[in-house]
Amino acid sequence: MRVVIVEDQALLREGIVALLREQGIDVVAQAEDGAGLLRIVAGHKPDLAIVDVRLPPSFTDEGLRAALEARVRQPGLGVLVLSQYVEPVYTAELLESGEGGIGYLLKERVGDVRGFVDAVQRVARGGTALDREVVAELVRSRTGQQGEGALSALTPREREVLDLMAEGRTNAAIARAMVVTSGAVEKHVSSIFGKLDLPSTDDDHRRVLAVLAYLRSA
Amino acid sequence: MTDERTRYDVWGAAIALQAALAMLLGLVLIFIWGLTGAGSFWPKWVVFALAVPLSIQLAVRLALRVGDDRRRAVALHGAASGWLAAVLLAVYALAGGGTFWPLWPVATLGLAFGAHAIVVAALPSLRPQERELAARVDELTRTRAGALDVQAAELRRIERDLHDGAQARLVALSMQLGRAEERLEGQPEIAQFVRRAREEAGAAIGELRDLARGIAPPVLADRGLAAAVEALGLRAQIPVTVHASILRRPLPVIETAAYFVVAEALTNAAKHAGGAAATVELADHGDRLVVEVRDDGPGGADATGTGLRGLRHRVAALDGTLSVTSPAGGGTTVHAELPCGW
């Protein structure tokens, strides 16, 4: 797996690089701004770009824009965005940006090394990694704008599974997080899909997309 | 002051002297006219010629008694017009009448004077103190806008500093603790301490994030008002439609105030207009930014609630206006207008 990192703050960039290398992930290049991102993506053809939203020179959403552009130039490129903030507008832009894995994590999640590495690997493989805050935001606006609807039919356990699924986790990861067996998770999942009337699928990634599509439908 | 009075007195004495001399000269001429056979009454022209300078001096003196500058100008205008009209009428009369030619010039003089008087009467009088006050108000308005704008820029700088400084360091700290935790697999007790330290760092990051968001949400600085309001709509607990037609970016202070007007109005709508939908309009009307949030809820909102009162102060501090219309059963409309300084 080949990864590039774009972060203007050296302290963080070097920390993330060291952390990923310790975990055996191949960081092939680093950059500090949007133009640098496009350059190293073109030069190294990575599987994944880890990008800070706020980058020089504008210090606004330069990183996100550059990442979306890089994805246009290299379809299928995984993009994992790191930010200090959860912005629903940015989440939506990422989710609509075409083929390839996407991730949107709050920066402090890098402290949870296993969770972060898991997210990096998922996105590089074409999966999804959404911060739990992002998922909470999606669920909140979904339930707020349409009332509880079908979500109210879910048991508390199923709600928990739904949130973890929306974050992009696999059954095994959900089972670990909830300290239950994989079989129990599978049961919850099929019950959720039944109650929400979603097409069932064995493919983890498609399942995440179905859940996200449901949460985002307004 | 004394000099002025002395000068006026000299002028007054001069006028009295002129008047006396004119009368004397007039009498002498009439006497001569009588002696020379009292034919055509020619002294009338001499008397007229003597009266002209005297009368203009008297009219001006009279007009100058008015204290207020603008009213004195009207009085002088009146004196000059009246004098000229009198001269014309006198010339007409002395010349023996006939077609009444002074009609048009006299009417024109009258109209011009009337217009001047009306304009002055309609405008609020500006005494020196009032002029000073008006200048002061102008200056305060300007400096207040400047101060508020500096404050808004300063707050955004603080937000940036938090992002690049404390927040970044805490993220780095959390990352180092995470790496340490990974190496302490064999010592679960110590690993537990490290994990707690990491969670504390995470809580601090969360608190800083809330603080920064309260100053100004990053999407507002990044993408401007329309995008930030779109984001509010996505976040809101009720369906929100946003219509934005703003072509330019207002000053940060105006943008932030407009943003918080929408945020508060949507929060209220979600709280009180259970399940209703809301529409947000952002428009650029000349030099004013118009912000309107309407919901189709039950109406009857309390326009004096603390949230709305705070907003009204915030908007008023920028010389804007904010009104809330909320008839029972008719939905609630929050309408704000802010000067943009474009």
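How many residues does the contact take from chain B, and how many from chain A?

**View 1. The contact between chain A and chain B in the predicted model.** Chain B contributes 37 residues to the contact, and chain A contributes 27 residues. On the side of chain B that touches chain A, at least two residues come from each of α5 (128–183), α6 (188–215), α7 (218–223) and α8 (225–235) of chain B. With 15 residues, α5(B) provides the largest share of this side of chain B. Sorted by character, the residues on the side of chain B that touches chain A comprise 17 nonpolar, 12 charged and eight polar.

**View 2. Helix α6 of chain B and the helix it packs against.** For the 28 residues of α6(B), a rise of 1.5 Å a residue gives an expected span of 40 Å, and the C-alpha atoms at the two ends of the helix lie 41 Å apart, which agrees with that expectation. The buried residues of α6(B) are B:R198, B:A201, B:G202, B:I205, B:R209 and B:A212, and the buried residues of this helix pack against α5 of chain B. In an α-helix there are 3.6 residues a turn, so residues three or four places apart point the same way.

**View 3. The surroundings of A:Q121 in helix α5 of chain A.** A:Q121 belongs to helix α5 of chain A, which covers residues 113–124. Because 19 other C-beta atoms lie within 10 Å, and a residue counts as buried at 20 or more, A:Q121 is classed as partly exposed. Although A:Q121 and A:G78 are separated by 43 residues in sequence, their C-alpha atoms are 9.9 Å apart in space.

Definitions and conventions:
Residues numbered from 1 in each chain as written. Chains lettered and ligands numbered in written order. Predicted model: local features only at pLDDT ≥ 70, side-chain atom pairs only at ≥ 80, totals over all residues. Helix = DSSP H or I, 4+ residues; strand = E, 2+ residues; numbered from the N terminus. Buried ≥ 20, exposed ≤ 12 C-beta atoms within 10 Å, placed from the backbone. Contact = placed C-beta atoms within 7 Å. Nonpolar A, V, L, I, M, F, W, Y, C, P; charged D, E, K, R; others polar. Expected span 1.5 Å × (residues − 1).
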